[in-house]
Structure formats: C-alpha cells, structure tokens
Amino acid sequence: MGGFIDIADLTFRYGDAEVLAIAGVDLTVQKGEFSCIVGPSGCGKSTLLTILSGLAAPETGTVTIEGTAIYKDGRRTDEELPRCGYMFQDSRLLPWRTVRDNLNIAMKAAGIPEEQWNDKLADLLRMLRIEAFADSWPLNLSGGQRHRVAIARALAIEPAFILMDEPFSTLDEVTARFLRTELLDVWARTGTTIVFVTHSIREAVFLADTVNLMTKGPGRVFDARRITVPRPRTYEDPNLAEVEGAIVETVLEAWGYYDQDVVTEETAR
Amino acid sequence: MTAIRQPGRFGLSRTKQQWLLLLAGILVLFAAWSIGHRYSRYLPSPSTVWTDSVHLLMAPGTYSHIVDSVRRLLIGLGGGFIAAFIVSLLMRTGPWLRRFFEPYVFVTLTIPSLAVALFALMIFGLSEVGVYVSVGVIVFPFVVVSLNEGFANLDASLTDMAKVYRFGWWQRVRQVALPEMSPYLFSALRNSHALAWKIVVITEVFSQQTGIGSQYKRSYDYFQLSELVVWVLFFLVAVFAVEFGVFRPWEKRVFRWRVARERG
C-alpha cells in the first residue's frame with residue numbers, strides 16, 4: 001500500500017455468473033511507473049482495467065487512487081475518479097470525425113480550456129509524428145497511425161494515469177515494435193503513470209518497470225517482478241532475455257502447463 | 001492498383017450509355033403521349049402542355065404555390081422525424097414503453113394515407129396544421145422502425161469509449177449516436193420523402209387554397225387537363241429538386257468520411 005494506485009482484495013463477476021472473473025486482486029502502482037499486467041486469456045486482466053476506468057464496479061474490494069478511495073468494500077464512494085486516458089485493443093476513434101476533431105472532442109469533454117486545444121494538438125501530433133494527418137479521416141490512416149492518434153487522445157486530456165488494454169496486439173510486429181519505442185519515449189517525456197495489460201511476456205519486460213503476473217481465471221496477482229534492466233532497452237539484450245526466461249519459467253508452473261504435460265504423459269501411457 | 005477502364009457497348013462509356021438510355025426513354029414517352037393525344041379526345045398535346053407550362057412559369061403565383069407545398073412538406077417531415085425520434089428513444093428505455101408505443105407504430109403503419117388526410121381535414125378544418133399532421137403521421141412509423149434498427153446496432157465499444165472519456169449526454173448524441181445512426185436516418189428519409197410529397201398534395205386537394213394539390217383541384221374543377229398535366233410536371237420537378245438539391249448533397253456531406261475510405 002501507499003502507491004499511486006492501490007488495489008486490495010478486488011473481486012468481480014459478470015452479471016449472475018457463478019464463476020468470478022477476478023478473485024482477490026492486490027496490486028500497487030507507483031506514480032509515474034510503467035506497470036504491466038501479464039496473464040493468460042480469460043484471467044480477468046482487461047476486467048481489471050474496466051474497473052479502474054469506472055466502466056464496471058467490483059463486487060468486493062478497495063481501489064485507492066492518489067490516496068482517495070474510489071471503491072471501498074465493493075462500493076463506489078462519492079469521490080470523483082481521477083481523469084484517465086484509455087487505449088483499447090482497437091483505436092476506437094470516431095471515424096466520422098477528423099484526427100483534429102477526435103482530439104478536440106476528448107479535450108472538450110475533459111474540460112481542457114479551448115484556447116489550449118491548438119497548441120496541445122500540435123505538440124502531441126508532432127511528438128507522435130503524425131502532424132501531417134491532423135485533418136485526415138481516421139479511415140485514411142494506417143493501423144499504426146490510428147494507434148498513435150489514440151495515444152495522442154489519451155495524453156491530450158491531461159490524464160492522471162493511462163490504461164492500455166493490449167493496444168498493439170492487432171498490429172504487425174514491426175509496427176508494434178516501433179510504437180512501443182515511441183510510447184516509451186512519450187512516457188519518459190510526460191512522466192504519466194501507465195497500466196499496460198498484455199499477454200506477451202516479451203512486450204511486458206521490454207516496456208515495464210514492474211511486471212505483475214496473474215494466475216489463470218478467475219485471476220489474482222501472484223507475483224510482481226521489478227525489471228531493473230536499464231533503459232533504453234533493446235529486444236536483443238541478453239539481460240532482458242534472461243528476465244523473460246525466468247518469468248516464462250514461473251508462469252509455466254503457475255498457469256499449470258507442467259501439470260498438463262504430466263496429465264498428457266499419463267494419458268498416453 | 002489502377003483499374004483499367006473497359007469501353008462499353010458501341011464503344012461508349014457507361015455514363016454516356018446511361019444518358020442515352022434516359023434520353024431514349026423520354027423520347028418513347030413523348031411518342032406514346034403524341035399517339036395518345038391523336039387517338040383520344042381529352043389528352044392534351046405535348047405542345048399545348050409546353051405552351052401552358054411557359055405561361056404558368058411566367059406567372060408569379062405559380063412559385064408561391066410550389067413554395068407553399070415545399071414548406072408544408074419540410075415542416076411535416078421534420079415533425080414526423082422529431083416525434084419518431086422521441087418515441088424511438090422512449091421505446092429504448094424498457095419493455096413497458098416499448099409495448100405501450102407498439103400499437104401506435106402498427107396503426108400508423110397500416111392506416112391508409114387517404115384516411116389520414118380525411119381525418120386531418122375533419123379535425124383541423126382548412127388550417128395548414130392538418131397537412132403537417134397528415135405528413136407527420138404517415139412518416140412517423142417508417143422512421144421509428146428505421147431508428148429502432150439503428151439503436152439496436154449501436155456499437156457498444158464506442159459507447160464505452162465515450163463513457164471513459166466522459167462525454168456529456170449531448171456529446172454522446174451529437175458525436176457518437178447520431179453519426180452512427182445516420183445510415184438509418186437517411187434510409188428513413190429516402191423512404192418517407194416521396195411518400196410525404198404524395199400526402200402533401202392529397203391533403204392540399206381537400207383542404208388548401210394554395211399549393212400544388214390545390215392547383216390539381218382547380219384544374220379538375222375547370223376541366224383543364226393540360227394545366228393538370230403541367231402541375232404534375234411541376235410536382236415531379238419539385239420532388240427531384242428537393243431530392244437532388246437538398247437530400248443528396250446533405251447525405252454526401254454527412255458520409256464524406258466513407259468516401260475517404262473507398263479512396264483509401
């Protein structure tokens with residue numbers, strides 16, 4: 001406890017489902033930290049982000065952000081949720097509005113004064129190297145460019161933190177690598193706290209200060225690894241490969257892959 | 001990849017072929033009209049209609065009749081759309097209101113247009129309000145059905161995005177829901193537009209002293225068949241003018257982001 005985001009004993013279930021989607025998640029994210037959450041499909045890592053963004057309410061547990069309890073014992077408190085940027089798996093831009101309008105609409109909703117919009121837009125688009133596309137329709141952009149616009153939108157609202165739900169999983173690997181580097185560059189410049197969900201351990205160790213490992217669903221965080229490999233990192237760095245190998249070893253056991261092998265061998269006999 | 005343009009039949013482009021076919025269709029119509037005039041007692045000749053058209057086009061009163069009809073059409077259509085939008089929204093709020101409004105949709109969908117015009121005449125007398133109500137009532141169910149379909153197909157992922165980024169209710173309607181539902185709104189507009197014109201002239205025949213419908217009635221009363229044909233032609237021109245002068249450019253503007261995709 002005592003972090004920027006503190007989650008304690010969080011559980012959630014969809015509707016009247018018998019099985020919980022997440023069961024007893026404890027997690028701490030420090031201010032300005034790049035925190036990754038890694039887990040197998042169906043472990044509830046995306047559900048965790050929907051709770052943090054205010055889209056869904058937990059069944060039990062407490063969420064505290066910047067020292068203010070947002071959920072207490074499963075109940076929403078009267079405190080306002082700090083403004084958060086959200087990057088979904090797809091860019092989720094409004095296709096009928098230009099890049100400029102997409103950002104302006106988000107800034108308007110966030111209450112950013114209108115006289116700041118132009119400067120902010122110009123800065124962000126320049127930072128993400130998409131300034132030439134300010135007046136383009138999203139459908140005229142490539143997948144990578146659309147993701148950059150989505151990053152710009154998340155930053156434009158001056159968020160207290162940004163949530164990212166496997167944002168690069170739909171892109172080809174070369175584009176994804178390029179965007180990861182750009183994201184780290186933007187993160188270093190802005191110092192924003194980022195909670196990044198992924199199923200890729202390699203992606204997590206490349207990006208994160210801390211990698212939080214979740215169990216199979218209904219998930220909980222069973223390990224939090226501090227990644228001490230210095231930045232800037234490269235994918236070829238043997239230290240990074242070593243950290244990745246150690247995490248893979250841990251999750252193979254935690255996610256029950258070794259047990260499955262035993263079962264398979266026994267069945268084969 | 002650049003598409004290779006294939007020459008059509010007779011070495012003409014597709015557009016030229018289409019224009020030629022349209023011209024041929026009009027020529028055949030004129031030929032049939034001339035033959036009909038020659039072998040019937042009442043059908044006026046194309047030249048008589050042309051003379052009457054020029055005569056009516058010179059009269060300033062003609063334009064005020066057309067403007068009156070267009071005004072009634074736009075107010076009636078607008079009223080029908082607004083009523084349908086409100087009812088469709090209410091029907092979304094839960095099964096109670098949906099069941100409450102379903103009979104209204106069913107009744108207005110099946111009731112004959114002529115009966116609606118007569119009801120309006122009886123209730124509103126010679127007032128122009130009767131025309132608005134008739135058009136609104138006839139248009140209403142078509143729009144509700146289209147909007148219900150549009151609401152059912154709203155993209156939940158964009159709604160989530162709007163919630164996370166804290167769009168206000170008006171931003172959600174203006175920036176997300178309305179553009180998403182535009183295809184359904186324009187489909188409803190296209191379906192109901194021609195229908196609304198017909199209702200306007202029917203109610204004008206019964207209850208108005210001005211407007212295209214009133215001129216049908218006048219031509220009928222004086223048995224001026226040539227003038228009746230001229231007013232039918234003016235009616236067609238007015239319908240096409242609103243369709244191609246207002247709705248098509250509007251639709252093109254609203255969906256310009258899609259054209260971008262087709263190019264890309």
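# Exercises on a predicted two-chain model

Two bridges connect strand E5 (residues 68–72) of chain A with E6(A), and the two strands run antiparallel. Keep in mind that this is a predicted model. Let's work through it together.

## Exercise 1: The five-stranded sheet

Find the strand order of the open sheet of five strands in chain A, and say which strands stand at its edges.

*Step 1.* Begin with the pair you have just met: in E6(A), Arg75(A) is the residue opposite Lys72(A).

*Step 2.* Now widen the view. The order of the open sheet is E2-E1-E4-E5-E6 (chain A), and the pairing is antiparallel.

*Step 3.* Look at the ends of that order. Strand E2 (22–29) and strand E6 (75–76) of chain A each have a single partner strand, so one side of each has no neighbour in the sheet.

## Exercise 2: The six-stranded sheet

Work out how the strands of the other open sheet of chain A are arranged, and which helices pack on it.

*Step 1.* Write down the order. It is E7-E8-E9-E3-E10-E11 (chain A), six strands with mixed pairing.

*Step 2.* Mark the edges. Strand E7 (84–87) and E11 of chain A take these places, each with a single partner strand, so each has one side without a neighbour in the sheet.

*Step 3.* Note the turn from strand to strand: on average, neighbouring strands are turned by 15° against each other, direction ignored.

*Step 4.* Check a parallel pair. Five bridges link strand E8 (residues 161–165) of chain A and strand E9 (residues 193–198) of chain A in the parallel sense. Here Phe161(A) has Thr193(A) of E9(A) opposite.

*Step 5.* Add the helices. Helix H4 (residues 143–156) of chain A packs on the sheet and touches E7 and E8 of chain A, and its direction makes about 170° with that of E7(A). Helix H7 (residues 238–254) of chain A packs on the sheet too, touching E10 and E11 of chain A, with its direction at about 15° to that of E10(A).

## Exercise 3: Strand E10(A) and its partners

Decide in which sense E10(A) pairs with E3(A) and with E11(A), and find out how enclosed E10(A) is.

*Step 1.* Take E3(A): four bridges join this strand to E10(A), and the two run parallel. Val38(A) stands opposite Leu213(A) of E10(A).

*Step 2.* Turn to strand E11 (residues 221–226) of chain A, which pairs with E10(A) over five bridges in the antiparallel sense. In E11(A), Ala224(A) is the bridge partner of Asn212(A). The two strands form a hairpin, with six residues between them.

*Step 3.* Judge the burial. In strand E10 (residues 210–214) of chain A, four of the five residues are buried, so the strand is largely enclosed by the rest of the structure.

## Exercise 4: Helix H1(A) and the loop before it

Is Gly42(A) buried, partly exposed or exposed, and which residues of H1(A) are buried?

*Step 1.* Locate the glycine: Gly42(A) is in the loop between strand E3 (34–38) and H1 of chain A.

*Step 2.* Count neighbours. Buried needs 20 or more other C-beta atoms within 10 Å, and exposed means 12 or fewer. Gly42(A) has 13 C-beta neighbours inside 10 Å, so this residue counts as partly exposed.

*Step 3.* Move on to the helix. The buried residues in H1(A) are Lys45(A), Thr47(A), Leu48(A), Leu49(A), Ile51(A) and Leu52(A). That is six of the eight residues of helix H1 (residues 45–52) of chain A, so the helix is largely enclosed by the rest of the structure.

*Step 4.* Look just past the helix: Gly54(A) has a positive phi of about 90°.

## Exercise 5: Two packed helices in chain B

Describe how H5(B) and H6(B) pack, and sort the residues of their contact by class.

*Step 1.* Give the angle and the distance. Helix H5 (residues 113–124) of chain B packs against helix H6 (residues 129–152) of chain B at about 145°, and the axes are 9 Å apart.

*Step 2.* Name the hand: H5(B) passes H6(B) in a right-handed crossing.

*Step 3.* Pick out the residues. Among them are Val116(B), Ala120(B) and Phe124(B) of H5(B), and Gly130(B), Val133(B) and Val137(B) of H6(B).

*Step 4.* Sort by class: the contact has ten nonpolar, three polar and no charged residues.

How values were computed: Residues are numbered from 1 along each chain as its sequence is written. Chains are lettered from A and ligands numbered from 1 in the order in which they are written. This is a predicted model: local features need pLDDT of at least 70, side-chain atom pairs count only at pLDDT 80 or more; totals for chains, interfaces and linings use all residues. Two strands pair if DSSP finds at least two bridges between them. Axes are lines fitted to C-alpha atoms, for helices over the stretch in contact, and angles run from 0 to 180 degrees between N-to-C directions. A crossing is left-handed if the near helix is turned anticlockwise from the far one by less than a right angle, and right-handed if clockwise. Two residues are in contact if their C-beta atoms, placed from the backbone, lie within 7 Å. Ala, Val, Leu, Ile, Met, Phe, Trp, Tyr, Cys and Pro count as nonpolar, Asp, Glu, Lys and Arg as charged, and the others, Gly among them, as polar.
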